[in-house]
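Q: I am new to this structure and would like a close look at one part of it, the salt bridge that crosses between the two chains. Please describe that contact with care, and then set it beside the other contacts around it.

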Amino acid sequence: MSVQALQSFFAMGGYAVYVWPAYAVFFIVLIADTCSPIFRRRRLLRELNARVARQSARQGQASDKTSPTQTTP
Amino acid sequence: MSNWIPLWLHKLSSPPTFYRFAGTLRPWMMAFALLLGAIGLYGGLVLAPPDYQQGDAYRIIFIHVPSAWMSMFIYGVMGVSAFIALVWRIKLAEVVAMESAPIGAAFTFITLVTGSLWGKPMWGTWWTWDARLTSELVLLFLYLGVIGLYHAFEDRRQGARAAAFLAIIGIINVPIVHYSVTWWNTLHQGSTVNIFGHSKIAWDMLWPLLTVTLATKFYYAASLFRRARTDLLALESGKEWVRQIAAREGKR
C-alpha cells in the first residue's frame, strides 16, 4: 500500500471525523465489557481466599482452646 | 426414545459443569470473534467500494447494524432465560439473563452512538425523536433498568427474580424496535438486509456486514461465558468446588 492510498484510506472520503470515532467507540466499549469481569473475578477470588484463611485461623484458635494442653489455671 | 439431550442439559445446568464447559469454549469463541471481525472489517473498510450516495460515511454500517441486531438478539436471549429462571428456578438461567444485560446494554449504547455519528453527516442532526431512535433508546433504558433492579436487592437471587420480571415485560419493545421503520414514517432508513428475500445491498458490502454480525455473535458468547463463570463463583462462593478454584488461582 502506498502512502497516498493509506492517506486516502484514513481520510474516508472526508468523513473521517464521523467514521473513526464510531469505530473507536465500538472497540473501547467492547474492550471495557471484556475487562470488567476479569477484574471482578480477580477481586472475588482474593476475597474468597481471605475469608477461607480467616475461617481456618478461627478454627485453629477454637481447637486450641478446647485442647487438653491449654487448660486454664 | 433417546433421552440423552435432556440429561446432558440437566447436567450442564449444574454450576461446576457449566463453569468447566464455558471455560473450555470461551477462548474458541473469542478467537472466532477476533478472526471473523478482522476479516469482516477489512472487507468493509478496505475492499468494499464507497456508496454512490453516502460516499465513505456509510462504512459505519459495518458496526452499527451488527450492534443493533445484537442489541435485539441479546434482549431475546435475556427474555427467554429470564422466563426459564422465573418458571423453573434454574440458577444458571438467572445467571445467563443477568449477565446478558450488561453486554446488551453495551451493544445498544454502541448502536446509539454510531447511529448518531452516522446521522450527523447524512441527516444533518445527531438525534431526532423518531420511532426507531426512540425505541432503541427505550431498549437501553430497559437494559439499565434490569441491571439496576438486579443490584438493588441485598439477596442476589431475589434481585435476579425481580429483574427477570422486568426483562420479560420489556420484551414487547423488541418487535417495536424492529418494525418501527415499517409502522411509522421515520427518518431512519428501512431494512436493507432481508433474510428471507432480496437484500437491497451489493454483495461486496453484504458479506463484510454478515461476517461482522457473526463475529459479534461469537463475541457475545465469549463475553457471556466469562461473565457467567465469574457470577457462578460469586453465587456458589460457599461451595467446595469454588474454594478449590480460589485456592488454585488465588496464589498467582
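A: In this predicted model, Arg227(B) forms a salt bridge with Asp33(A), and the closest N and O atoms of the two are 2.8 Å apart. The pair crosses between chains, since one partner, Arg227(B), sits in helix H8 (residues 203–235) of chain B, while Asp33(A) belongs to helix H2 (residues 16–66) of chain A. Arg227(B) has a relative accessible area of 8%, and because buried means under 20%, Arg227(B) counts as buried. Asp33(A) is buried as well, with a relative accessibility of 5%.

The contact also belongs to a network of salt bridges, which links Asp33(A) and Arg227(B) with Arg40(A), Glu99(B), Arg156(B) and Asp231(B). Over all chains, the structure holds 10 salt bridges.

Two further salt bridges, both with partners in chain B, can be set beside this one. Lys91(B) forms a salt bridge with Glu236(B), with the closest N and O atoms 2.5 Å apart. Because Lys91(B) lies in helix H4 (residues 91–123) of chain B and Glu236(B) in the loop between H8 and helix H9 (240–249) of chain B, this pair ties together parts that are 145 residues apart in sequence. Both Lys91(B) and Glu236(B) are buried.

The other is formed by Glu94(B) and Arg157(B), whose closest N and O atoms are 3.1 Å apart. Distant parts of the chain are linked here too, for Glu94(B) is in helix H4 of chain B and Arg157(B) is in helix H6 (residues 156–170) of chain B, 63 residues away. Glu94(B) counts as buried at 4% relative accessibility, whereas Arg157(B), with a relative accessible area of 24%, is partly exposed.

Helices H4 and H8 of chain B also meet through aromatic rings, for Phe107(B) in H4 and Tyr219(B) in H8 form a pair 112 residues apart. The ring centres of Phe107(B) and Tyr219(B) are 6.2 Å apart and the planes stand at 80°, so the pair is edge-to-face. Phe107(B) is buried, with a relative accessible area of 0%, and Tyr219(B) is buried at 7%. Over all chains the count comes to 19 aromatic pairs, and in chain A such ring pairs link Phe9(A), Phe10(A), Trp20(A) and Tyr23(A) into a cluster.

Chain A, which supplies Asp33(A) to the contact, has 2 helices and 0 strands. Buried residues make up 23% of its 73 residues, and the chain exposes about 5300 Å², of which carbon and sulfur atoms supply 63%.

Chain B has a helix H2 of its own, covering residues 15–47, and its 33 residues should span 48 Å at 1.5 Å a residue, which agrees with the 45 Å between its end C-alpha atoms. There is nevertheless a kink of about 30° in H2(B), located at Leu25(B), shortly before the proline Pro27(B).

The surface of chain B offers a last detail to set against these buried pairs. Trp4(B), Ile5(B), Trp8(B) and Leu9(B) form a nonpolar patch there, with about 460 Å² of accessible area together. Ile5(B) is found in helix H1 (residues 4–12) of chain B, and with a relative accessible area of 44% Ile5(B) is partly exposed, whereas Arg227(B), in the contact that opened this account, is buried.

Conventions:
Residues numbered from 1 in each chain as written. Chains lettered and ligands numbered in written order. Predicted model: local features only at pLDDT ≥ 70, side-chain atom pairs only at ≥ 80, totals over all residues. Heavy atoms only, no water. Patch = residues over 30% accessible without salt bridge, like charges linked within 9 Å, V, L, I, M, F, W, Y side chains within 5 Å. Areas by Shrake-Rupley, 256 points an atom, 1.4 Å probe, with all protein chains shown as cover. Salt bridge = Lys/Arg side-chain N within 4 Å of Asp/Glu carboxyl O. Helix = DSSP H or I, 4+ residues; strand = E, 2+ residues; numbered from the N terminus. Buried < 20%, exposed > 50% of the residue type's maximum accessible area, 1.4 Å probe, protein only. Expected span 1.5 Å × (residues − 1). Bend = angle between axes of the 7 residues up to and from the residue. Phe/Tyr/Trp six-rings, centres within 6.5 Å; stacked < 30°, edge-to-face > 60°.
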